[in-house]
Amino acid sequence: MADNLHPYQRLSTELADLIARTEPGERLLSEPALAKQLGVSRATLREAMRAFEGQGLIRRRQGIGTFVVSHKQVIESGLEVLQSIESLAEKIQLPVSMGDLKIRQIFADTSLSEKLRVIEGAELIEVKRVIRAEGRSVAFLVDILPEKVLISSDLEEGFTGSVLDLLLKRTPLP
């Protein structure tokens with residue numbers, strides 16, 4: 001494992017590998033044994049396991065143990081690199097599609113005008129959509145951008161659900 005990973009990232013990666021190597025229905029080691037094996041505290045291990053439980057990969061039963069439920073693919077990302085869900089899914093070869101899509105024009109209220117650094121009342125485009133994978137909704141996304149940055153017609157033909165990818169195609173990063 002790469003030494004340059006943040007300790008929590010290292011733990012998440014090692015735990016993900018362990019789950020992937022364990023057959024669904026099989027029990028993982030006890031928390032104390034697993035924490036010792038992975039070189040972390042039980043509290044840190046529990047926090048990481050909560051994330052995997054929330055993803056539906058494991059199920060913890062108090063007094064019984066932790067069991068692998070499935071080997072669903074997981075999109076992992078840190079905040080250090082801005083990437084779309086579509087780009088992250090492509091890396092793990094997970095097909096995603098856009099579900100419900102709602103595009104509407106709104107006007108900047110005081111809060112939005114401060115956040116987006118536009119004048120109050122400025123025309124904005126709000127894009128709300130659902131991203132689906134493996135037959136279920138995996139993300140609900142909302143983007144609000146000034147109309148001069150995101151034009152409604154940009155979202156009509158061939159829009160896959162990623163406002164970020166759309167903007168990057170128009171203006172690639174250096």
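Let's start with a pair of side chains: Arg-46 and Glu-31 form a salt bridge, and their closest N and O atoms are 3.2 Å apart. Because Arg-46 sits in helix H3 and Glu-31 in helix H2, this pair ties together parts that are 15 residues apart in sequence. Please keep in mind that this is a predicted model.

**Salt bridges**

Glu-31 has another partner as well: the side chain of Arg-42 meets Glu-31 in a salt bridge, at 3.6 Å from N to O. Here too the pair links distant parts of the chain, with Arg-42 in helix H3 and Glu-31 in helix H2, 11 residues apart.

Further along the chain, Glu-53 and Arg-60 bring their side chains together in a salt bridge, at 3.1 Å from N to O. Counted over the model, there are six salt bridges. Among the residues that take part, Glu-31, Arg-42, Arg-46, Glu-53 and Arg-60 are linked in a network of salt bridges.

How do these five residues stand with respect to the surface? The table gives the relative accessible area of each one.

| Residue | Relative accessible area | Class |
|---|---|---|
| Glu-31 | 17% | buried |
| Arg-42 | 42% | partly exposed |
| Arg-46 | 30% | partly exposed |
| Glu-53 | 29% | partly exposed |
| Arg-60 | 23% | partly exposed |

Glu-31 counts as buried because its relative accessibility is 17%, and buried means under 20%. Arg-60, at 23%, is partly exposed.

**Nonpolar cores**

Now to the nonpolar side chains. In soluble globular proteins, such side chains tend to be buried together. In this model, the largest nonpolar core has 17 residues, and those with the most contacts inside it are Leu-15, Ile-19 and Leu-45. Which elements give two or more residues to this core? They are helix H1 (7–21), helix H2 (31–38) and helix H3 (42–54). H1 gives the most, with five residues.

Leu-15 is a good residue to look at in the viewer. Leaving aside neighbours within four places in sequence, Leu-15 is in contact with Leu-34, Leu-38, Leu-45, Ala-48, Met-49 and Phe-52. Apart from this core lies another one, of eight residues, including Ile-125, Leu-145, Phe-159 and Val-163.

**Putting it together**

Helices H2 and H3 appear in both parts of this account: each gives two or more residues to the largest core, and the salt bridge between Arg-46 in H3 and Glu-31 in H2 ties them together as well.

Terms used. Residues numbered from 1 in each chain as written. Predicted model: local features only at pLDDT ≥ 70, side-chain atom pairs only at ≥ 80, totals over all residues. Heavy atoms only, no water. Core = buried A, V, L, I, M, F, W, Y, C linked by side-chain atoms within 4.5 Å. Buried < 20%, exposed > 50% of the residue type's maximum accessible area, 1.4 Å probe, protein only. Helix = DSSP H or I, 4+ residues; strand = E, 2+ residues; numbered from the N terminus. Contact = heavy atoms within 4.5 Å. Salt bridge = Lys/Arg side-chain N within 4 Å of Asp/Glu carboxyl O.
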